[in-house]
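Take a moment to look at the sequence and the fold together before reading on. The paragraphs below start from a single residue and then move outward, one region at a time.

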Amino acid sequence: MRPKRALLATATLAVAGALTVGMTLAMAPSASAGTTLRAAAAEKGRYFGAAVATGKLSTSTYTTILNREFNSIVAENEMKWDATEPQQGRFSYTGGDRIVSHAQANGMSVRGHALLWHQQEPGWAQGMSGSALRSAMINHVTQVATHFRGKIYAWDVVNEAFADGGSGGRRDSNLQRTGNDWIEAAFRAARAADPGAKLCYNDYNTDGVNAKSTGVYNMVRDFKSRGVPIDCVGFQSHLGTTIPGDYQANLKRFADLGVEVQITELDVMTGGNQANIFGTVTRSCMAIPQCAGITVWGVRDCDSWRGSDNALLFDCNGNKKPAYDSVLNALNAGPGNPTTTPPNPTTTPPNPTTTPPNPTTPPPGGAGCSASVSLNSWTGGFVATVKVTAGSSGTRGWTVSVTLPGGTSVTGTWSATASGNSGTVRFTNVDYNGALGAGQSTEFGFQGTGSAAGVTPTCTAS
Ligand code: XIL
């Protein structure tokens, strides 16, 4: 027999339940609330991503959560320098390609992580310095960004280059010792190799206004003022049991410089505040129109690099934690995003610098073209970006000739085919960028050893 007390309690709950339903209906916003992280984020023009280890893609609990909840992924290790160039000049893309194809098959965009980082350098690079290392690192950026060209939403071009503590300056590393301009050289090479990818600087302990984040801020401001190509700043947000009170204000000051901001490696130590901190991070991103999205650094607690911190949104059995609800609610409560469009995960983004050939109506040839070169040089090497502009009749194809000084040679070319590598070198269009309409432009690039200062390109149209 059921005691009377329990019946009463049930009746009270039923009334309360009816009231709640009525209120919810009355207050329901016109857009439906997302029931997964990816749907809720997408509804607000953002992405929600996770770091993925390819070795776990065959674990069904893992992959089920990944595909249901996330619309962006990043390789936890597979696109790092040690993984992609284990021996100098020999590239290995198996893991990275696996990440990209998983993303394409499941409607996800891809963050590329990371072209240059003082950690997880391959052994051969750890032993290098000076101009040899500078050339090797630029070649690495060029090759890897070219391989993944058109498939990456945003690249962490440089990771963790600033020092901890109060200096606000750069961290010492073999990369830094090649010269303070190594970061801008890397960004220029990445832009030349994949003009469609957003290029980010990414770091940790930059999650509030402090000496380190201000150092990064000053670099970004300087890059913007000098036209160094930078599009975004990543805030790793590996957090403990507290979050800086100026977390949102810090994101905002970067956004005000004209860069996108992204939360790139979020995880939070377990404890009473975990759900609140995850919620605060999400609300902060949602409050900044230029905050494109959030990536958590793993799927379940036991996938995390943070050992026993239980730092993620799902427990080891794949159950949603309170932190999950906190993030989902914050996404659903956030404003829409008027200024950024979410990355389109299913289609390859167009390449803004090349003009697709038009096979049915080729433009008339023979009326000329012009070329100009911009150089990114350091002692012993350079990257050249060449802009080819068609004359009034357009081009079917083009050739740009460059005469290099003695001792200078070309070591790599993209978006063109080079004949020879020293003296007078001729660069001819590849199949997709030869046909230019009147006044249209395309870009190709090459890198080399020695100096290309003062070279004048000449363009011939066909
Ligand atoms: C970590 C990975 O999660 C580990 O599997 C690996 O052993 C070391 O690197 N900052 C970064 C990430 O930018 O690449 C790091 O990832 C975590 C800290």
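A convenient place to begin is Asp-431, which lies in the loop between strand S15 (424–429) and strand S16 (441–449). Please keep in mind throughout that the model is a predicted one. Is Asp-431 buried or exposed? Its relative accessible area is 68%, and because a residue counts as exposed when this value is over 50%, Asp-431 is classed as exposed. If you look for Ser-415, you will find that Asp-431 and Ser-415 are 16 residues apart in sequence, while their C-alpha atoms are 9.2 Å apart in space.

The two strands on either side of that loop lead us into the pairing of strands. Strand S15 belongs to an open sheet of four strands, which follow one another in the order S14-S15-S12-S17 with antiparallel pairing. Strand S14 (416–419) and strand S17 (458–461) stand at the edges of this sheet, and because each of them has a single partner strand, one side of each is left without a neighbour in the sheet. From one strand to the next, the twist of the sheet averages 25 degrees. Inside the sheet, strand S12 (residues 398–403) and S15 run antiparallel and are joined by five bridges; to see one of these pairs, find Val-402, whose bridge partner in S15 is Val-425. It helps, when tracing any such strand, to remember that in a regular strand the side chains alternate between the two faces of the sheet.

On the other side of the loop, S16 has its own partners. Strand S11 (residues 381–390) pairs with S16 in the antiparallel sense, over nine bridges, and within this pairing Lys-387 has Glu-443 of S16 as its bridge partner. Strand S13 (residues 409–414) also runs antiparallel to S16, to which five bridges join it, and here Val-410 stands opposite Gly-448 in S16.

Now turn to an earlier part of the chain, where the strands to be followed are parallel. Strand S4 (residues 154–159) and S5 pair in the parallel sense over five bridges, and Trp-155 has Leu-199 in S5 as its bridge partner. How does the chain cross from S4 to S5? The path goes through helix H8 (residues 182–193), and this β-α-β crossover is right-handed. The next step repeats the pattern with other elements, since S5, helix H9 (residues 211–226) and S6 make a right-handed β-α-β unit. Strand S6 (residues 232–235) runs parallel to S5, and four bridges join the two, with Asn-202 standing opposite Gly-234 in S6. Why can strand S5 be described as largely enclosed by the rest of the structure? Five of the six residues of S5 (residues 198–203) are buried, and so this description follows.

The model also contains a ligand, and 13 residues surround it, the closest being Glu-76, Lys-80, His-113, Glu-265 and Trp-297. For several side chains we can give a distance between one of their N or O atoms and an oxygen atom of the ligand: this distance is 2.5 Å for Glu-76, 2.9 Å for Asn-159 and 2.8 Å for Glu-265. Taken on its own the ligand has 420 Å² of accessible area, and the protein covers 78% of it.

Finally, some details of the backbone deserve a careful look. The peptide bond from His-113 to Ala-114 is cis, with an omega near -10 degrees, and Ala-114 is found in strand S3 (residues 109–117). Glu-160, although not a glycine, has a positive phi of about 55 degrees, and its place is in the loop between S4 and H8. With a relative accessibility of 8%, Glu-160 counts as buried, because the cut-off for that class is under 20%. Another residue other than glycine with a positive phi is Asn-310, where the value is near 45 degrees. Asn-310 lies in the loop between strand S9 (291–296) and helix H12 (322–333), and its relative accessible area of 32% makes it partly exposed.

Terms used: Residues numbered from 1 in each chain as written. Predicted model: local features only at pLDDT ≥ 70, side-chain atom pairs only at ≥ 80, totals over all residues. Heavy atoms only, no water. Buried < 20%, exposed > 50% of the residue type's maximum accessible area, 1.4 Å probe, protein only. Pairing = 2+ DSSP bridges. Right-handed = clockwise from strand over helix to strand, strands pointing away. Near = heavy atom within 4 Å. Polar contact = N/O pair within 3.5 Å; in protein donor to acceptor, adjacent residues only side chain to side chain. Areas by Shrake-Rupley, 256 points an atom, 1.4 Å probe, with all protein chains shown as cover. Axes fitted to C-alpha atoms, helices over the stretch in contact; angles between N-to-C directions.
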